[in-house]
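Me: Please take a close look at one ligand site in this complex. I would like the surroundings of the ligand, and then the chain interfaces that go with it.

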Amino acid sequence: MAADTILDINNIEVVYNKTIQVLRGLSLSVERGRIVTLLGSNGAGKSTTLKAVSSLLTLENGAVTSGSIRFDGEDIARATPHGLVRRGLFHVMEGRRIFEDLTVEENLTAATFALSGRGLKPTAFDLVYQYFPRLYERRQGRAGYLSGGEQQMLAIGRALIAQPSLILLDEPSLGLSPILVEEIFSIIASINRDTGVSMLLVEQNAAVAFAVAHYGYIMESGKIVLDGPTERLVRDEDVREFYLGMSGGEHAKSYRDIKHYKRRKRWLS
Amino acid sequence: MLIGTAKHSYRADEALLTTRPQRIWMGVLAVGLALAPLVLDNYWLYLACFVAINVASATGLNILTGFTGLVSLGQAAFMAVGAYTVAVLEIRIGTPFLLNLVAAGAVAALIGVVVGLPSLRVKGLYLAIATIAASFILHFVFVNWQTVTNGNSGLSVPPATFLGTPLTDYVQLYYVFVPITALMVLGAANLFRTRIGRAFIAIRDRDISAEVLGISLLRYKLMSFAVSSFYAGLAGGMWAYFFRVVTPESFPFVYSIFFLAAIIVGGMGTILGGILGAVFMTLVPELLRFVVDILSPVLPNAGTLLSPVRTIVFGALIIGFLVFEPKGLAEIVQRLRRFFHLWPFKK
Amino acid sequence: ADEIVIGGSIPLTGVFAFAGVGVEAGMQDYIKIVNEAGGIAGRKLRLAYEDTGYKVDASVAAFNKLTSQETINLYYGDSTGFAKTINPEIDRMGSILMAGASFATELNDPKAFPHQFMAGPDYSEMTGILLEYIAKEKPGAKIVLVNSDTEFGRDPIAATKARAKELGLEVVEEIITPPTAVDVSTEVLKLRRARPDYTIFHGYVLAPLPEFMTQAKQLGLETKFMGTFWSMDSSIWDKVGEVADGFMGVMPYRYYYDEAEDAPMLKRIREMRPTYQSTPYMQGFLTAMLFAEAAKRTLEAGKDLTGANLKAALNSIQDFDTGGLIGMPISIPGNSIPVGRIYQYNAAAKKMEPASDWISVQE
Amino acid sequence: MDVLFFIEVSLAGLGSGALLSLTALAFVLIYKATRVINLAVGEVLMLGAYLFFAFASGLGMPAWAAIPLAIAGGGAIGAVVERGMIRPMLGENPIAVFMVTIGLGSVLVGLVELTWGTDPRALPAFMGNAPIFLGEAYVSRKIAIAFVVAALVIALFLALFRFWRGGVALRATATDQAAAYSCGINVPGVFSLAWIIGCGTAAGAGVLLGAIGGISPAMGVFGLSALVVVIVGGLDSVAGALLGGLAIGLIEAWAGTYLGGEYKLVTTFGLLIVALMIRPYGLFGTREIERL
Amino acid sequence: MQARAGAQGAARLKVEGLSLSFGGLKALRDVSFEVEPGSITALIGPNGAGKTSMFNCISGFYKPQAGRIVYDGADVTRTHPPERAKMGFARTFQNIALFRGMTVLDNIKLGRHAYMKTNLLQALAYWGPAAREEMELRAEVEQRIIDFLEINHIRNMPVAALSYGLQKRVELARALAMRPRILLLDEPVAGMNREETEDMARFILDVKEEWGTTILMVEHDMSMVMDISDHVVVLNFGEVISSGLPHEVQADPHVAEAYLGSGDPAALMARLKAEAGAA
Ligand SMILES: Nc1ncnc2c1ncn2[C@@H]1O[C@H](COP(=O)(O)OP(=O)(O)OP(=O)(O)O)[C@@H](O)[C@H]1O
Ligand SMILES: Nc1ncnc2c1ncn2[C@@H]1O[C@H](COP(=O)(O)OP(=O)(O)OP(=O)(O)O)[C@@H](O)[C@H]1O
Ligand SMILES: CC(C)C[C@H](N)C(=O)O
Ligand SMILES: [Mg+2]
Ligand SMILES: [Mg+2]
């Protein structure tokens with residue numbers, strides 16, 4: 001393992017409820033200061049991978065049954081989820097997971113617990129409001145009533161407060177308007193650039209993910225099937241067809257032109 | 001779903017018992033139930049009758065709480081309404097007992113709808129507390145509505161009469177209660193094959209989306225309360241014919257907890273769960289009685305330990321099931337079934 | 001020879017465990033005495049009982065279990081609720097004579113409860129005895145009734161008020177407490193406003209009586225607190241201490257430590273049990289004695305042990321000597337034994353002391 | 001109408017209301033952090049009283065030592081229960097956890113019955129006996145003391161939630177445990193803390209209550225009255241517990257005095273239903289968010 | 001399905017001057033637009049613009065403070081949600097709202113609820129009409145919906161076990177079971193990859209063409225919106241800022257500024273690279 005690798009996942013298997021195997025020997029690593037993206041179709045196990053890293057798997061009755069995960073050079077098999085956060089690993093979960101009953105400001109306060117025992121100067125909330133002015137307007141409102149996009153901003157805002165060295169981002173573009181996607185990804189890129197924080201980014205929107213990431217992995221059914229620097233991935237034929245929707249030409253094909261597949265046979269005939 | 005059973009029509013697929021082994025086992029059970037009184041002594045018949053009553057009521061509560069997601073701690077109070085209805089009808093009018101039972105259910109259903117009204121605004125555990133309140137208020141009515149309920153001393157119920165014979169011993173009552181309960185259980189199972197049952201479950205899972213999908217919350221929440229209380233009322237009616245005295249203290253609050261515990265231990269939201277839970281929770285204290293009998297030669301004051309131990313076991317069962325087997329006995333039975341597959345009726 | 005079995009649904013645990021434990025001991029002791037003397041007509045007595053936790057359905061289950069296991073002709077029940085619930089079944093079976101822990105007024109009706117009786121006065125007769133005493137001590141006295149809001153507690157209210165009127169006593173306030181009340185401040189304030197000469201509690205064992213009495217004392221209230229049988233055990237009051245001093249009540253039996261000349265049975269009890277035995281013990285003991293007597297008379301008359309025969313034999317008891325358990329000879333024409341005596345608690349001596357002679361309210 | 005009498009009755013009502021508030025606080029603390037309605041609060045309260053009894057009467061300790069020990073004992077029960085029964089239930093539906101606590105209540109009653117028997121007992125007196133008069137109005141000494149203690153404790157918690165970041169951690173944990181973890185909040189720690197403090201509070205309330213009315217395994221039903229209070233006040237509101245408790249105390253006192261003791265329960269339960277119809281989440285409770 | 005043609009040219013759905021606020025927050029201000037029968041209309045706009053709120057008003061879950069909702073010429077502003085369902089309103093939800101305790105089949109059947117007649121007594125007895133109605137429903141669901149959406153293989157699975165994409169498809173199935181005359185889709189392809197988005201787009205087009213259903217859709221995936229919709233309405237801060245044909249809207253500078261941004265990931269990448277270089 002290279003010294004500048006902040007996260008190293010080595011051949012892990014993950015099983016839910018002691019029965020459902022989701023990851024089958026997955027390996028990937030994130031170099032310090034880099035943004036690495038992890039792509040894959042629904043159910044491939046992307047979120048599971050992130051949860052395995054942040055130790056949140058146990059909450060869902062999942063377990064890493066073999067392989068190892070090292071964060072900052074240390075094995076995390078025994079770490080508690082909150083302990084990891086306090087060591088600088090922040091997971092922005094899928095589906096935002098903001099505290100609905102708390103106000104926007106209290107949501108940010110909650111994230112200050114990530115600083116406990118780290119001797120860091122707390123980040124002023126202003127920084128968050130600066131990136132996301134809309135949150136400032138609604139700072140006293142209950143977060144549960146925010147629109148989807150606003151909630152996503154809040155979720156990323158919490159990560160800013162926590163001053164992590166590695167952020168796991170699970171589908172940050174989900175449900176965001178195109179301009180916000182651009183904005184958020186610019187912010188992600190600039191956070192990465194300004195603070196040098198490393199990121200592991202799970203995305204469905206491959207185009208924007210490739211725009212910010214330095215390196216990419218593609219997974220199917222619990223395994224990595226392809227990886228490489230983004231420049232190389234975007235030229236890969238399969239990636240272009242299945243993730244970017246471009247067949248041959250430079251432009252994506254229209255959704256109107258999609259073939260109707262032959263219907264499957266009826267169940268009872 | 002069992003593997004290896006080709007279904008030949010939608011009707012067969014939607015039947016209650018979809019496999020041959022299921023049907024055979026059900027037949028065995030029915031015959032067994034029919035013949036049981038030939039071998040049971042009075043004590044076991046007493047228990048069987050009591051179990052039947054509790055199964056009926058627990059099934060009702062399961063419809064409300066397990067399937068519709070409205071937690072109620074008032075089931076015993078609804079039973080009391082049914083029991084008083086039967087008592088009053090028997091004493092004052094002397095209508096036929098089957099009619100009285102139906103009336104008991106109907107009156108309880110009516111009260112149930114009234115108690116259910118807060119459910120439109122009040123949710124979750126807040127609702128559970130509202131039902132506690134309702135049951136204390138009903139208790140107050142039983143104590144103080146002297147002219148009808150005879151206050152604290154309650155009412156003595158004449159025996160049910162069927163074709164001129166008073167049904168006084170447990171064999172007779174058994175043959176009345178068990179079929180009634182079986183019918184009620186069947187009704188509940190049917191309910192969940194139709195749109196009404198689906199609406200209940202939808203309300204449990206996500207009430208506001210259910211409304212947008214065309215399910216009137218007002219109607220179905222109240223309907224669920226009505227059905228559940230109808231079951232309770234009818235069970236309470238049987239209770240009245242069984243114990244033959246109805247007083248305000250006959251249906252204490254812990255009895256309501258008992259039913260909630262029963263459906264949890266049995267398995268919430270499955271018909272089988274309601275049955276298993278009621279049977280199990282009624283019989284466990286009695287089994288402890290036998291354990292104590294066996295222990296008493298060894299342990300001199302085993303007798304005095306019985307009641308605290310029962311209390312502890314009652315609590316421990318609830319905790320144990322919730323922590324280790326949250327889906328209840330029904331899930332265990334399912335697992336056994338899967339394990340034995342088609343045994344012993346291999347095709 | 002075969003045995004005569006006394007069945008029992010007894011609350012060895014639960015809220016009234018204190019009663020059940022005493023009852024069981026009392027019954028066992030009397031049974032021992034009978035058996036040591038050769039039994040009844042050569043047949044030994046035996047107590048077959050189950051704990052009920054003072055829950056009616058558990059009592060009924062115990063009854064059904066015991067009666068389906070063996071022939072039982074005598075039965076001890078644990079509560080008013082049970083007595084009423086099982087009554088139709090007992091009448092139907094026709095083979096059992098039953099008594100129990102309940103002195104409910106309602107049960108004192110040979111027509112409605114032909115196969116039951118109680119080994120003492122019913123609750124109304126108890127308060128009647130108290131009122132008679134009050135009328136004699138302080139004619140025209142003002143009385144407050146404090147009752148728990150339960151079937152047990154409300155039982156004698158109507159009869160007490162009627163009897164008070166007959167005796168020229170004035171009931172100035174009725175206080176009903178919720179069954180689980182712990183804090184009785186408002187009730188005490190009511191009491192203070194009513195300023196009664198006597199306060200009669202019924203429907204409690206102990207709580208909330210001590211708190212009532214403590215606060216009343218703090219307020220300087222001059223009222224005499226009185227209770228009925230179930231709150232008259234002296235060991236319970238021993239634990240309360242100083243405030244308990246002067247508490248009075250009606251008691252159908254003598255106390256364990258009563259060394260009266262005419263009470264050989266108490267001496268016998270003290271020999272069998274060197275430490276204090278509770279009032280429920282006495283009740284159990286006497287009930288067993290009456291069961292045995294009824295069985296003896298039935299068998300001596302050459303009759304079968306049926307409910308009706310046993311009850312008839314019991315009702316034939318006239319001027320019967322209880323060995324001093326009760327300080328006067330008793331007769332049982334109906335379902336109760338309406339005699340009793342007023343005792344007063346002496347905190348210094350830790351004893352209940354007689355405050356009146358034996359009073360009978362038999363018509 | 002007799003004004004002095006009315007004042008005295010009202011004072012007595014406020015006094016017992018304060019005890020309700022204190023017990024209600026135990027519900028609120030646990031609910032705030034874990035979204036669990038701990039129906040065993042009443043039984044923990046009873047256990048607290050019995051522990052005090054054991055330390056003070058059984059071992060002959062002075063009250064100043066026995067009270068903290070009883071409270072600590074309550075806290076210890078809280079810790080054990082949280083660890084053994086509540087944490088494994090993380091993420092289960094609230095009704096299931098609610099039922100676990102019902103089971104717990106039953107177990108605790110059984111254990112107390114096994115250990116100390118079922119007879120009611122009196123606690124050794126430790127509050128003195130001299131009556132207290134506010135002007136001319138009489139207040140039972142124990143009730144007055146209970147009132148002061150309850151008021152202090154509740155004020156403390158109100159201040160705590162106002163000025164301490166931990167309050168946010170508590171509520172964050174309650175709303176979404178996984179998310180709380182991901183913010184670096186020590187979720188198991190919050191859970192334990194809430195249960196320890198909640199059960200300790202209940203045990204303390206038990207000592208006060210036992211001193212007033214004596215103790216018995218059945219005294220846990222007091223928890224039910226306190227539950228009414230939290231429902232009226234709002235399950236997650238400390239202020240609601242305070243005001244709800246006082247209000248219900250007063251109303252019960254008035255109902256008991258002017259209508260009769262048998263009306264106490266119906267009046268409160270009747271009001272409870274009315275209150276819920278008007279404010280389904282209690283006077284100060286947080287509305288559940290409903291969005292599509 | 002019974003594409004009862006309304007009066008020529010009349011809108012299937014007309015929203016007139018709708019306003020909605022939560023406390024001080026104005027979620028919708030005087031919004032008006034029309035949805036033509038048999039069209040796919042897209043409602044787009046920044047996050048928090050009020051799109052979902054609009055849907056909630058249309059399906060009756062929110063009560064607007066002002067304005068009217070006219071459906072086939074009838075004012076339905078005050079109609080209760082269940083009745084609207086009966087009139088042919090159907091929708092899917094932004095955050096999947098399937099009933100987790102039920103199988104796929106039951107979830108779909110539930111969509112038909114409002115049209116069924118079985119009453120309580122019939123249900124308890126599972127009498128003739130009840131059983132018959134259930135059988136008819138089953139047949140229709142199987143033949144028209146399950147087949148159509150290609151979810152045969154999962155019909156007996158509990159929905160909780162399904163992947164996100166399949167859950168979205170089941171939601172669509174349930175909405176179709178409601179015999180929709182107007183189908184509201186709230187972000188049907190959010191969280192889906194290209195391939196799954198293609199599938200969903202195909203289903204939406206098929207629903208429109210084969211069932212003749214009118215579709216109103218909220219979606220942030222611009223390439224899909226632009227490709228398949230006939231008409232686009234843009235909301236911003238609760239107000240309509242633009243509407244028209246897809247390419248017209250796309251060309252509207254206001255829309256680009258408020259919502260679309262550069263609309264081109266390649267441009268984004270170039271910009272980021274440039275910034276990185278500058279830093
Ligand atoms: N808590 C759980 N219990 C059981 N199975 C689970 C659980 N969470 C996820 N799975 C299963 O694991 C597989 C991978 O899920 P995961 O959420 O990791 O996928 P994903 O790649 O993140 O998909 P998406 O793009 O939809 O977010 C899926 O098939 C899912 O059904
Ligand atoms: N029930 C509610 N109470 C208070 N505010 C609400 C409520 N529902 C929505 N809002 C607010 O109304 C505004 C519009 O929300 P809405 O959900 O309609 O946005 P949207 O256009 O669907 O956004 P997105 O694309 O992010 O889903 C938001 O600011 C939101 O916070
Ligand atoms: C005190 C008890 C043992 C019985 C009670 N007196 C009753 O009447 O039910
Ligand atoms: Mg995912
Ligand atoms: Mg939206």
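Reply: Helices (H or I, at least four residues) and strands (E, at least two) are DSSP runs, numbered from the N terminus. On that basis, α6 (148-162) of chain A and both β2 (25-35) and α1 (51-58) of chain E each give at least two residues to the shell around ligand 2. The model is predicted: local features need pLDDT of at least 70 and side-chain atom pairs pLDDT 80 or more, while totals for chains, interfaces and linings use all residues. Residues are numbered from 1 along each chain as its sequence is written, chains are lettered from A and ligands numbered from 1 in the order in which they are written, and side-chain values use heavy atoms, without hydrogens or water.

Ligand 2 sits between chains A, D and E. Around this ligand are 24 residues (a heavy atom within 4 Å), and those that come nearest are Arg138(A), Tyr145(A), Asn47(E), Thr52(E) and Ser53(E). By class, the shell holds eight nonpolar residues (Ala, Val, Leu, Ile, Met, Phe, Trp, Tyr, Cys and Pro), six charged (Asp, Glu, Lys and Arg) and 10 polar (the others, Gly among them).

Oxygen atoms of ligand 2 have N or O partners on two of the chains. From chain A, a polar side-chain atom of Arg138(A) is 2.5 Å from a ligand oxygen. From chain E, a polar side-chain atom of Gln94(E) lies at 2.8 Å from an oxygen of the ligand, and Gly50(E) brings a backbone N or O atom to 2.9 Å from one. The protein covers 95% of the 630 Å² of accessible area (Shrake-Rupley, 1.4 Å probe) that ligand 2 has on its own.

Next, the interfaces. Among the eight pairs of chains in contact (heavy atoms within 4.5 Å), A and E share the most contacts. There, 47 residues of chain A meet 61 residues of chain E. The buried area, which is the accessible area (1.4 Å probe) lost on putting two parts together, summed over both, is about 4300 Å² for this pair, with 52% from carbon and sulfur atoms. Seven residue pairs, both at pLDDT 80 or more, are in polar contact across it (N or O atoms within 3.5 Å, a possible donor with a possible acceptor; sequence neighbours count only through side-chain atoms on both sides). On chain E, the elements with two or more residues facing chain A are α5 (128-146), α6 (164-177), α7 (194-211), α8 (222-228), α10 (253-260) and α11 (265-278). The largest share, 11 residues, comes from α7(E). This side of chain E has 22 nonpolar, 17 polar and 22 charged residues.

Salt bridges (a side-chain nitrogen of Lys or Arg within 4 Å of a carboxyl oxygen of Asp or Glu) number zero between chains E and A, whereas chains A and D have three. One joins Glu106(A) to Arg171(D), at 3.0 Å from N to O. The side of chain A that touches chain D draws two or more residues from each of α2 (81-86), β6 (89-92), α3 (104-111) and α6 of chain A. Its residues divide into 14 nonpolar, eight polar and seven charged.

The contact between chains A and D takes 29 residues from A and 25 from D. It buries about 2400 Å², 63% of it on carbon and sulfur atoms. His82(A), Phe99(A) and Phe113(A) lose the most area on the chain A side, together 25% of what that side buries.
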